[in-house]
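The following exercises invite the reader to work through a structure step by step. Each task is followed by a worked solution.

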Amino acid sequence: MIREQVTIQNDQGFHVRPAQLFVTESNKFSSTIKLITENDNTVDGKSILGLMTLGLAQGSTVTITAEGADEEAAVRALVELVNSKFGEA
Amino acid sequence: MSEQRIQGLGVSAGTRIGRVHLYRPQAATDSLSRKQVAEADVPAELERLRAAKEQSLEQLQALVEKTKQSLGADKAVILEGQTSILADPTFFPEMEKRIQGQLVSAELAVDQVVEQIAGLFESLPQEYMRERAADVRDVGKRLRTNLGGNSGVSLADIQQEVVLVADDLTPSDTVQLDKTYILGIVTRTGGKTSHTAILAKSLGIPAVLGIGAALDTIEQGDLLLLDGNTGACVLHPLESTVEEARRRMEDEHHQSQALSVYANQPAVTRDGHQIEVVANIGTTLESRSSLAEGAEGIGLFRTEFLFMNATSMPTEEEQFAAYREVAENLQGHPVVIRTLDIGGDKELPYLELPKELNPFLGYRAIRLCLDRPEILLTQLRAILRASVHGQLKVMFPMISNLQEWRQAKALWLQAQEQLRAEGVAFADGIEVGMMVEIPSAALLADQFAKEVDFFSIGTNDLVQYTVAVDRMNEKVADLYDYFHPAVLRLIQMVIEAGHREGKWTGMCGGMAGDPQATPLLLGLGLDEWSMDAGSIAKIKHAVHGLHRADCVALAQRLLTLGTAPEIRTELQTYLQQPE
């Protein structure tokens, strides 16, 4: 299993658009993807509802984990997506 | 096939002919009340749910594509988010679990899961995330609709010229009407002042309402002719009937061309008295054409559309953008914004107001807004901020006593205080007035006149409340008459009370757009006439032919008559007399 910690940097945190982009990206991989918050809440990385109801604001730190055939590529892609502030200015 | 004549109530003038589009929004089905299922029915219930999910996904994907093309990829993201909610690995399995484990119907499973997730969103600290509860509920609504087994086609999806035929149209249906495609409207129920009638008139779409059981004989794609003046419809018209109708349509066209000459002239009587003719609008879109159509301003800007076309309360920013657009489109001409008039027959799904036995006497308009002052305060702040972009005025609907007026006025001052503290600019000396649509307000007009800047008489509700007649009920529709002597006395009281305090009085109900009433209102001293843009040329034309001094004498005479028919007859005689 691969895991990596990232910080949410975009203004409004995990709102619809970032959550949507995260799920779209996660679905490109066969691995099981999870997102773990600082207080140990774990949600399915392919569930937009799970991601959004975490209520992650700007500045929150989360751990992305992936387990499966393409786990390495998955974590790399998702970390990159978060660090790119989901393409927001 | 022989032609079939159908009689209804003509509420919006004009002759049209076209193919029928039958609109049937979610019919109440038995399954709505069904909560539990037998164990043997579980597989069937799961299958229904799965089918509804597939159908919803297809609809949403189509909608995403359409939105991408018309509004751009950015706007489509919200809808894509809804697609993801539908496809979410936690969403359906949870519903299936409930159907299997608790033997609940698919409908109830959808409701329970949707509410659970919406509740989760609402518990989040960020306002932005709390508002996402509306997305989840929207998905739930779509699923429910599809479980009900109907096509879920929305009126906004109609992309060819049709005559729209429906049992009734809700206010949220009517705001989706596109004049380009909707040639005419025919409904089973509804009266002269129903919201469908008001909107059809304001959009200039000919309409015949209240055709009753005859609607059952009309089928999808039938050829239907309607005459919005007389209320006559012809189903499967013969070639000769069609030809005659086409001639009539041409005549109507020429007539409106002839009248349009008056549209852009000031409304001045033969003896040189000028009145102000302004428009009623319900959307920012309408404000773009108001000046060209001859309006000298906006006498009533209904703000409900902003609230009804949304899945959650519009923010101050969204409201500000709309008010600013209207203010700018009117290029310095006055715009009277009416604060939120919701409740009654105008519902807001996200407010979840309980059904009332007497909605018109219930929790609506200013009553609701004073009970939930944050809603009104947000709106007033948005209006104030927009006031620097034009000439805005504000009025409160459904005022029934002085306390309500003073509370609303206090919120207005509070909004100003807040903005001043924040260093936000707004215009000085904005006029604040009230609608007079409840007899108690008309009777106390002398007291109100000392505190308001202006009155605007809303005849539609004023008649309904004065004569105690439900304006939606066709059985008593003929009692609904603004020429009722009691209504005329109230109108006179309001205008005179205003003038004694140096305040102006306008009228924004249907009566203002009726040329038959023009001499009477002129004689009573009305200052401002606000109407559907389509009536402006007609009223200005009528004013040009009148003597104000004569009308004053006429009004005094009419006020001594005891019945509406006598008053009408007298008015007709007056209008027909040679000059």
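**Exercise 1. A salt bridge between two helices**

With which residue does B:Glu107 form a salt bridge, and how far apart are the closest N and O atoms?

Solution. The model examined here is predicted.
Step 1. The partner of B:Glu107 is B:Arg48, and the closest N and O atoms of the pair are 2.6 Å apart.
Step 2. A salt bridge requires the side-chain nitrogen to be within 4 Å of the carboxyl oxygen. Side chains of opposite charge can pair when their charged atoms come close.
Step 3. Next, locate the partners. B:Glu107 belongs to helix H4 (residues 106-122) of chain B and B:Arg48 to helix H1 (residues 42-71) of chain B, so this pair ties together parts that are 59 residues apart in sequence.
Step 4. Finally, consider exposure. B:Glu107 is buried, its relative accessible area being 3%, whereas B:Arg48 is partly exposed at 25%.

**Exercise 2. Further salt bridges**

Determine which parts of chain B are linked by the salt bridge of B:Asp227 and B:Arg248, and by that of B:Arg385 and B:Glu317.

Solution.
Step 1. The side chains of B:Asp227 and B:Arg248 meet in a salt bridge with an N to O distance of 3.7 Å. This pair links strand E7 of chain B, which holds B:Asp227, to helix H9 of chain B, which holds B:Arg248, and the two residues are 21 residues apart.
Step 2. B:Asp227 is buried, with a relative accessible area of 7%, while B:Arg248 counts as partly exposed at 27%.
Step 3. In the second pair, the closest N and O atoms of B:Arg385 and B:Glu317 are 3.1 Å apart. Here helix H14 (residues 373-386) of chain B contributes B:Arg385 and helix H12 (residues 316-329) of chain B contributes B:Glu317, at a separation of 68 residues.
Step 4. B:Arg385 is buried at 15% relative accessible area, and B:Glu317 is partly exposed at 47%.
Step 5. Salt bridges with shared partners also join B:Glu304, B:Arg338, B:Asp341, B:Arg364 and B:Asp461 into one network. Over all chains, the structure holds 32 salt bridges.

**Exercise 3. The annotated active site**

Which residues does the UniProt annotation "active site" cover, and are B:His195 and B:Cys508 buried or exposed?

Solution.
Step 1. The unreviewed UniProt entry assigns the annotation to B:His195 and B:Cys508. They span 314 residues in sequence, yet no two of their C-alpha atoms are more than 14.3 Å apart, so they gather at one spot.
Step 2. B:His195 is part of helix H8 (residues 195-203) of chain B. B:Cys508 is placed in the loop between strand E16 (504-507) and helix H20 (518-524) of chain B.
Step 3. The threshold for a buried residue is under 20% relative accessible area. B:His195 is buried because its value is 14%, and B:Cys508 is buried because its value is 6%.
Step 4. Apart from residues up to four places away in sequence, B:Cys508 touches several others, including B:Asn280, B:Met395 and B:Ser530.

**Exercise 4. The annotated binding site**

Describe the surroundings of B:Arg302 and B:Asp461.

Solution.
Step 1. In the unreviewed UniProt entry, the feature "binding site" is placed at B:Arg302, B:Arg338, B:Asn460, B:Asp461 and B:Arg471.
Step 2. B:Arg302 lies in strand E11 (residues 298-302) of chain B and is buried, with a relative accessible area of 16%. Among the residues it touches are B:Asn280 and B:Arg338.
Step 3. B:Asp461 lies in helix H18 (residues 459-467) of chain B and is buried at 5%. Beyond its neighbours within four places in sequence, B:Asp461 contacts B:Arg364, B:Glu437 and B:Arg471.

**Exercise 5. A sheet and its helices**

State the strand order of the open sheet of eight strands in chain B.

Solution.
Step 1. The order is E1-E8-E7-E3-E4-E5-E6-E2, with mixed pairing. Strand E1 (4-7) and strand E2 (9-12) of chain B are the edge strands, each pairing on one side only.
Step 2. Strand E3 (residues 15-23) and strand E7 (residues 223-227) of chain B pair in the antiparallel sense over five bridges. Helix H9 (residues 239-263) of chain B packs on the sheet, and its direction makes about 110 degrees with that of E3(B).

**Exercise 6. The interface**

How many residues does each chain give to the contact?

Solution.
Step 1. Chain A gives 17 residues and chain B gives 20 residues.
Step 2. About 1500 Å² is buried between chain A and chain B, with 71% of this area from carbon and sulfur atoms. Across this interface, zero salt bridges are found.

How values were computed: Residues numbered from 1 in each chain as written. Chains lettered and ligands numbered in written order. Predicted model: local features only at pLDDT ≥ 70, side-chain atom pairs only at ≥ 80, totals over all residues. Heavy atoms only, no water. UniProt positions renumbered as here; feature names shortened; annotations may be inferred. Helix = DSSP H or I, 4+ residues; strand = E, 2+ residues; numbered from the N terminus. Buried < 20%, exposed > 50% of the residue type's maximum accessible area, 1.4 Å probe, protein only. Contact = heavy atoms within 4.5 Å. Pairing = 2+ DSSP bridges. Axes fitted to C-alpha atoms, helices over the stretch in contact; angles between N-to-C directions. Buried area = accessible area lost by both parts, 1.4 Å probe.
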